[in-house]
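Got the model open? Let's go through a few of the labels and see what stands behind each one.

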Amino acid sequence: MASSDPVYLRVVADIRRQIVDGSLPPGASIPSRAQLTRKYGVGETAARHALRVLAAEGLIVGRVGSGHYVREQPVLLPLHRWRFHDHPTPFGADIQPQGTRATWDWRAEPADATPDIAHRLRLDESAPVTRTHYVFRGDGKPIQLATSYEPAEFGEITEESPRSLIARLSAIGVKVTEIVEQVYTRVPQPAESDALALPAGVQVLHVERTHWAGDRPVETSDIVIPGDRFRLVYTHPLHP
C-alpha cells in the first residue's frame, strides 16, 4: 500500500514480528494510535496507516470503542481431497468425523458456457451446460462454496438423481477415469467474503477440479475454501 508517510513500515514490521514470535499473543491489546506515535516517534497518519495494514493482513482485529487486538489464529482442519471422491457428499464425509455437523444447499440451472468453462470442458463457446451452485455449512455456518458445470446433454440434476457425481455419470454410461485438481490462492471476491464471513486480509484456496472420462472432460468445478480454516491433504497411493 502506498503512503505519504513511509515510516509506517517500521511500525508494521515491529508489531508483525511481535505477533509472529508470540510476544503479542492472540487476544493481546495493540497500542492505540496515540501510544504508537509516542513509542515509535511517528505521526498520527503513520500510526493510523500501520493499524490498517496489520488489519488488512489479518493479524489484528478492531473492536468498536475498544481498540485493536491480536487476531486468534484458527487451527487449520484437514480436507482430504481424494479419500471420499466417490462419496455422495465428500465434504460432509470429511468434516463430520471432526465433530462438525455438515449441511449443504444446492441449486442447478441451465446456462451458457463462458469462454473459460467452454475451454475447460472442450465445448463450443456459449454451448449449453448445467450449472450447479453449492453452499456447504459446518454447524450452520457457510464454510465452502462450489460451482459445478456439466454438458447439458447429461440431463437435468434433480433430487432423485444419484448424489455422487461419479455414480450419476456412471448411470448414463459415462465412466470417470481421472480427477484433476489445480489449486491456487487468491483474494476473495466481495460476495465470497460476505458468504464465508472472511476477516480482512484472509485469502481463499481456489480448487479448479475437472472429472475426465478417458480424454474427455465431463465436469468442471470451482471450489472456494477459506484459507484460514482448512488445509488440503492429498494422498497418492502407490500400486506395485
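Helices here are DSSP runs of H or I with at least four residues, numbered from the N terminus. The model is a predicted one.

Q: What comes right after H2, and what is the sign of its phi?
A: That's Gly41, with a positive phi near 65 degrees.

Q: Why are H2 and H3 called roughly perpendicular?
A: The axes of H2 (residues 33-40) and H3 (residues 44-56) cross at roughly 115 degrees, coming within 9 Å. Angles of 65 to 115 degrees count as roughly perpendicular, so the label fits this pair. As for handedness, H2 passes H3 in a right-handed crossing.

Q: What makes the contact between H2 and H3, residue by residue?
A: From H2 you get Arg33, Leu36 and Thr37, and they meet Glu44, Ala47, Arg48 and Leu51 of H3. By type, the residues of this contact split into three nonpolar, one polar and three charged.

Q: Which residues of H2 are called buried, and what does the word require?
A: Leu36, Thr37 and Tyr40 are the buried ones in H2, and buried means under 20% relative accessible area.

Q: How do you know that the buried residues line one face of H2?
A: Look down the axis of H2: its buried residues fall within an arc of 100 degrees, so they line one face. In general, an α-helix has 3.6 residues a turn, so residues three or four places apart point the same way. The buried residues of H2 pack against H1 (8-21) and H3.

Q: What about the other side of H2, buried or exposed?
A: Arg38 and Lys39 are exposed there, and exposed takes over 50% relative accessible area.

Methods
Residues numbered from 1 in each chain as written. Predicted model: local features only at pLDDT ≥ 70, side-chain atom pairs only at ≥ 80, totals over all residues. Heavy atoms only, no water. Axes fitted to C-alpha atoms, helices over the stretch in contact; angles between N-to-C directions. Helix = DSSP H or I, 4+ residues; strand = E, 2+ residues; numbered from the N terminus. Parallel < 35°, antiparallel > 145°, perpendicular 65-115°, else oblique. Left-handed = near helix turned anticlockwise from the far one by under 90°. Contact = heavy atoms within 4.5 Å. Nonpolar A, V, L, I, M, F, W, Y, C, P; charged D, E, K, R; others polar. Buried < 20%, exposed > 50% of the residue type's maximum accessible area, 1.4 Å probe, protein only. Arc of directions from axis to C-beta.
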